Amino acid sequence: GNSANQAIDLLRRKGVAEERIIFLTLISAPEGIQCVCTRFPKLKLVTSEIDTGLSEEFRVIPGLGEYGDRYFGTDN
């Protein structure tokens, strides 16, 4: 949720009205959804899946594993 909030804050600073923002995410955790929707109640959040929650490292459980690392080859 915090990364999403930063992206939305940037849009707001650039003059985009909150109610015109549609935030699209593939996989979400309930904690992230609550974090974003509490801070920006007028935006629309669209997700394809809500997983169980977050791990101690704040990663979505079960999530896709380290998809970004596998996709971009940054798993070193």
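Val46 counts as partly exposed, at 34% relative accessibility, where partly exposed is the range between buried (under 20% relative accessible area) and exposed (over 50%), found with a 1.4 Å probe and protein chains only. Val46 is found in strand E2, residues 44–50, and it forms a nonpolar surface patch with Ile22 and Leu24, the three having about 300 Å² of accessible area together. Such patches are made of residues with over 30% relative accessible area and no salt bridge, with nonpolar side chains (Val, Leu, Ile, Met, Phe, Trp, Tyr) joined within 5 Å and like charges within 9 Å, and the areas come from the Shrake-Rupley method with a 1.4 Å probe.

This is a predicted model, in which local features need pLDDT of at least 70 and side-chain atom pairs count only at pLDDT 80 or more, while totals for chains, interfaces and linings use all residues. Residues are numbered from 1 along each chain as its sequence is written, and side-chain values use heavy atoms, with hydrogens and water left out.

The largest nonpolar core consists of six residues, namely Ala4, Ile8, Ile21, Val36, Phe40 and Leu43; a core is a set of buried Ala, Val, Leu, Ile, Met, Phe, Trp, Tyr and Cys residues joined through side-chain atoms within 4.5 Å. Two residues and their contacts (heavy atoms within 4.5 Å) are listed here, leaving out neighbours up to four places away in sequence.

| Residue | Contacts |
|---|---|
| Ile8 | Ile21, Phe23, Val36, Phe40, Leu43 |
| Asn5 | Cys35, Val36, Arg39, Phe40 |

Asn5 lies in helix H1, residues 2–13, and is buried, with a relative accessible area of 2%. Helices (H or I, at least four residues) and strands (E, at least two) are DSSP runs, numbered from the N terminus.

In helix H2, residues 30–39, the buried residues are Gly32, Ile33 and Val36. Seen down the axis of H2, these fall within an arc of 100 degrees, so they line one face of the helix, the arc being that of the directions from the helix axis to the C-beta atoms. They pack against H1, strand E1 (22–28) and E2, whereas Gln34 and Thr38, on the other side of H2, are exposed.

The structure holds one salt bridge, in which the side chains of Asp9 and Arg39 meet at 2.6 Å, N to O. Asp9 lies in helix H1 and Arg39 in helix H2, so the pair ties together parts that are 30 residues apart in sequence. A salt bridge requires a side-chain nitrogen of Lys or Arg within 4 Å of a carboxyl oxygen of Asp or Glu. Arg39 is partly exposed, with a relative accessible area of 45%.
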